[in-house]
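Hi there,

Here is the structure I promised to pass along. Have a look at it first, and then read on for what turned up in it.

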Amino acid sequence: MANETMRIFFPLKIFCYPQYDCMEDEREDISPREAVAYEDQILAAIAKENRHFENDRGLAEYIHDEALKEKVYSLYPTVEVVDGELWGVMVAGLKDTLSGEETAALIDYVCGQNSDGYGEGFEQRPIKTPDGEIYVSFWNHQNYSLKLEEEMKNSSPDLGYGGPVMG
């Protein structure tokens, strides 16, 4: 079982189509602040998606690096409001503390899952909200970066989180 937890934060890209038969370039982006209103619906969609895992390790089951896989017991996506904005979070349950190199490897793995793995499938499924269907992508091509929880906290010491975190 996991002894400690590591949380990796990343920006979300959330959008909707104003009408049923829209083209890709007609979609409307939803800001991270506006997306807070849809947190419950997004969390429910993630929970539904996570039921497809055939184990209790989530995405950790698919880590190819055996040494990293041994230390990372579980890895599950979620979303969280940070300083009034909705962020994606990957929560890793760790059996043992990761070295700097292992942390970098895990961040690289999360980036891959967000862009091509879990995130690619998730972003293709509409999420019903009171305002219509939205789509949530864990991969935001512009100014994309992943940040550890400590980096998020250091960005805004007065609130514990937030502030300008994109480089």
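**Strand β1 and its surroundings**

Strand β1 is mostly covered, with 6 of its 8 residues buried. Please keep in mind that this is a predicted model.

Where does β1 sit in the sheet? The sheet is open and built from 4 strands in the order β4-β5-β1-β8, with antiparallel pairing. To find β1 in your viewer, look at residues 4-11.

On one side, β1 is joined to β5 by 8 bridges, and these two strands run antiparallel. On the other side of the order comes β8, which pairs with β1 over 2 bridges, again in the antiparallel sense. Strands in a sheet pair through backbone hydrogen bonds.

Ile8 is a handy residue to click on: it stands opposite Met90 in β5, and Ile8 also stands opposite Leu148 in β8. Phe9 faces Lys147 of β8 in the pairing, standing opposite that residue.

What happens at the edges of the sheet? β4 (72-82) and β8 (147-148) stand there with a single partner strand each, so one side of each has no neighbour in the sheet.

Two helices also belong in this picture. Helix α2 (residues 39-50) packs on the sheet and touches β4 and β5 (85-94); the direction of α2 makes about 165 degrees with that of β4. Helix α4 (residues 100-115) lies across β1, β4, β5 and β8, and α4 runs at about 50 degrees to β1.

Happy browsing, and best wishes!

Technical notes: Residues numbered from 1 in each chain as written. Predicted model: local features only at pLDDT ≥ 70, side-chain atom pairs only at ≥ 80, totals over all residues. Heavy atoms only, no water. Pairing = 2+ DSSP bridges. Contact = heavy atoms within 4.5 Å. Axes fitted to C-alpha atoms, helices over the stretch in contact; angles between N-to-C directions. Buried < 20%, exposed > 50% of the residue type's maximum accessible area, 1.4 Å probe, protein only.
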